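Dear colleague,

I am passing on to you the structure we talked about, with its sequence, so that you can look through it at your own pace. My notes on what was found in it come straight after.

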Amino acid sequence: MISRREFLQASMAASALWGASGFGNWSKLAAQQVLTQDQLLQFDDFGNLTLIHITDIHAQLKPIWFREPEINIGVGEATGKPPHVTGKDFLKMFGLPPGSPDAYALTHDDFTALARSYGRMGGMDRVATVVKAIRAARPDSILLDGGDTWHGSMTSLATKGQDMVDVMNALGTEAMTSHWEWTLGQDRVKEIVETLPFPFLGANIFDAEWDEPAFEPYHIFEKAGLQIAVIGQAFPYMPIANPKWMFPDYSFGIREERMQEVVDEVRGMGVDLVVCLSHNGFDVDRKMAGRVKGIDVILTGHTHDAIPEPVLVGETILIASGSNGKFVSRVDLDVRDGRMMGFRHKLIPIFSDVITPDPDMAALIDTGRAPFKDQLEEVVGQTESLLYRRGNFNGTWDDLICDAIRSERDSQIAMSPGVRWGPSLLPGDPITREDIHNATSMTYGECYRTEMTGETILTILEDVADNIFNTDPYYQQGGDMVRVGGLGYHIDISKPIGSRISNMTLVDTGEAVEASKSYTVAGWASVNEGTEGPQIWDVVEAHLRKIGTVKLTPNTSVVVTGT
């Protein structure tokens, strides 16, 4: 008799074959100029339950360009495994043709040329069309939002997240978890949560004073004659990665034992399926899936990974749905006798020129943007370079930001946080005020200027590197590597903390950075309360108005070894 694990593995194989067939056909269809919405949404219904997953939208309401990372290094047990595979290696791993729509959507290779062929991606009015189509086919589906939703744009900052709240309510979201939402401040988060027509989940969010659960840990849905427990897992490292003073009454953490307790609790209630709606990040979720027993599905977020097939850990499937509204995941499940017996999955790419905008959602978005339209659309510069951010080390958007910081704040060294959010711009694109905000908009964007010793700079680089390259995923607490301007260094990621960084130099002069010597350093997004300085978007805009056109040379200031 076939075991459950064998059945799941067979299901995984079927999912992979089905997904590969769907992706592979797009290249031929697009070449024939007959790629259609129906073909993107085509799905052979399976089982008795459907999950719809979106995550890390970062307030991107309109279609965008978004280049996937060129460098995404895995360490320890994650080495060479998705999502730490990029470019041609990614295409080879998943059997995807170069130059195809899937190559454009999922990798950085030939991004500019393919973007001009296939157009922008995302747009919440297109996402609404996809969600409505899935619901029409599967009325008992559950739409789940993985967080990083209310933050990341000029309008979300101006409305304190309300534009995104309105859109997600209209979309029919049924539960969410959180991360950057908390940078609106705990009072604003509580104010919004009180108005939401769906649960705001976080089993790992505790009252800091009483050490007690502070928000709903889970919600039980009754769909298709089944009981489905959805457990929320908010970003665990809030007080480290973001300003603790913005949410002083709450504590977070992975809280693995707590997750096991909650899983056991809902299993004891007789639920048929356990889903974890997580903002841990992929590698953290992969480790947690191997240690917490009883989770059927983890819908993972935070690290912005788009993976066209589920990853199987024991009897748990991990689903990664990308970011910025580029993808919607559909997961059909066969749930019987309190067990997940099989699944079928599709990572649906939101090709903006192919998918018809939902008129109601489009109208809602345009109405919300109307008061800011002139400011959003004002052109402040032009780019001859591809501007992108995502990747373990410097991207061209942050090279531009660092140039602006050094120029406008008169500093030897600039630092820009290694955040993953921020869409791309193609060579020849105008740079609007909205584009600048898409790469910089946050509630603590002051651009500081200070003095640091070489020893302090080294300590900062070492600490951030360990947040990314510690071989234990539970200690990977940050985003990507802090971006630097005016500073060069070598990094050996295979070394332990304290010995990864070497050969720090000032790029302008080539002189070595001395531990005891002080240097002028400017940066932004400090987690320290009371940071003073102009807002980073104003700094970048002032720089752009002076230079007019952006033309960046390749950045070779960081030398990476040990991969």
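The notes below go through the sheets, the helix packing, the pockets and the cavities.

Please keep in mind throughout that this is a predicted model.

I begin with the sheets. An open sheet of five strands, with mixed pairing, follows the order β3-β2-β1-β13-β14, and its edge strands, each pairing on one side only, are β3 (175-176) and β14 (339-349). Strand β2 (residues 142-145) and β3 run parallel and are joined by two bridges, and Leu144 is the residue that stands opposite Ala175 in β3. Helix α6 (residues 124-137) lies across β1 (49-54), β2, β13 (327-336) and β14 of this sheet, and runs at about 170° to β1.

Another open sheet, also mixed in its pairing, is formed by four strands in the order β18-β22-β16-β19. Here the edge strands, again pairing on one side only, are β18 and β19 (483-485), and from one strand to the next the twist averages 25°. Between β18 and strand β22 (residues 518-524), which run antiparallel, there are seven bridges; if you would like a residue pair to start from, Cys447 has Trp524 in β22 as its bridge partner. Helix α15 packs on this sheet, where it touches β16, β18, β19 and β22, and the direction of α15 makes about 135° with that of β16.

The same helix brings me to the helix packing. Two packed helices are described by the angle between their axes and the distance between the axes. For helix α15 (residues 396-409) and helix α18 (residues 536-547), the axes come within 9 Å and cross at roughly 85°, which means that α15 is roughly perpendicular to α18. On the side of α15 the contact is made by Leu400, Ile401, Asp403, Ala404, Ile405, Ser407 and Glu408, while α18 contributes Ile536, Val539, Val540, Ala542, His543, Leu544 and Lys546. By class, the residues of this contact are nine nonpolar, two polar and three charged.

Next come the pockets. The largest pocket has a volume of about 920 Å³, and of the 37 residues that line it, Ala241, Pro417, Val464, Ala525 and Val527 lie nearest its centre. At least two lining residues are supplied by each of α10 (238-241), β16 (413-416), β18 (447-453) and α17, with α17 giving the most, namely five residues. Both β16 and β18, then, belong to the four-stranded sheet described above and also take part in lining this pocket. The lining is made up of 18 nonpolar, 15 polar and four charged residues.

The second largest pocket, with a volume of about 500 Å³, is lined by 26 residues, and those that lie nearest its centre are Lys62, Pro63, Arg369, Glu434 and Asp435. Four elements, α13 (359-369), α14 (373-377), β17 (430-432) and α16 (433-440), each supply at least two residues of the lining, and the largest share, four residues, comes from α16. In this lining, eleven residues are nonpolar, six are polar and nine are charged.

Finally, which parts of the structure line the cavities? In total there are six cavities of 30 Å³ or more. The largest cavity has a volume of about 260 Å³ and a lining of 26 residues, with His84, Asp283, Thr303, Arg420 and Gln476 lying nearest its centre. Helices α12 (282-291) and α17 (454-469) each supply at least two residues of that lining, and α12 gives the most, with three residues. Helix α17 therefore deserves a look from both sides, as it were: α17 contributes to the lining of the largest cavity and gives the most to the lining of the largest pocket. By class, the lining of the largest cavity divides into eight nonpolar, 13 polar and five charged residues.

The second largest cavity has a volume of about 140 Å³, and among the 17 residues that line it, Glu68, Pro69, Pro83, Leu106 and Ala306 are the closest to its centre. Its lining has seven nonpolar, seven polar and three charged residues.

With best wishes

Technical notes
Residues numbered from 1 in each chain as written. Predicted model: local features only at pLDDT ≥ 70, side-chain atom pairs only at ≥ 80, totals over all residues. Heavy atoms only, no water. Axes fitted to C-alpha atoms, helices over the stretch in contact; angles between N-to-C directions. Parallel < 35°, antiparallel > 145°, perpendicular 65-115°, else oblique. Contact = heavy atoms within 4.5 Å. Nonpolar A, V, L, I, M, F, W, Y, C, P; charged D, E, K, R; others polar. 1 Å grid on protein atoms, 1.4 Å probe; cavity = no way out; pocket = protein on both sides within 12 Å on 5 of 7 lines; lining within 4 Å. Points joined across faces, edges and corners; volume = space filled by probe spheres on them. Pairing = 2+ DSSP bridges.
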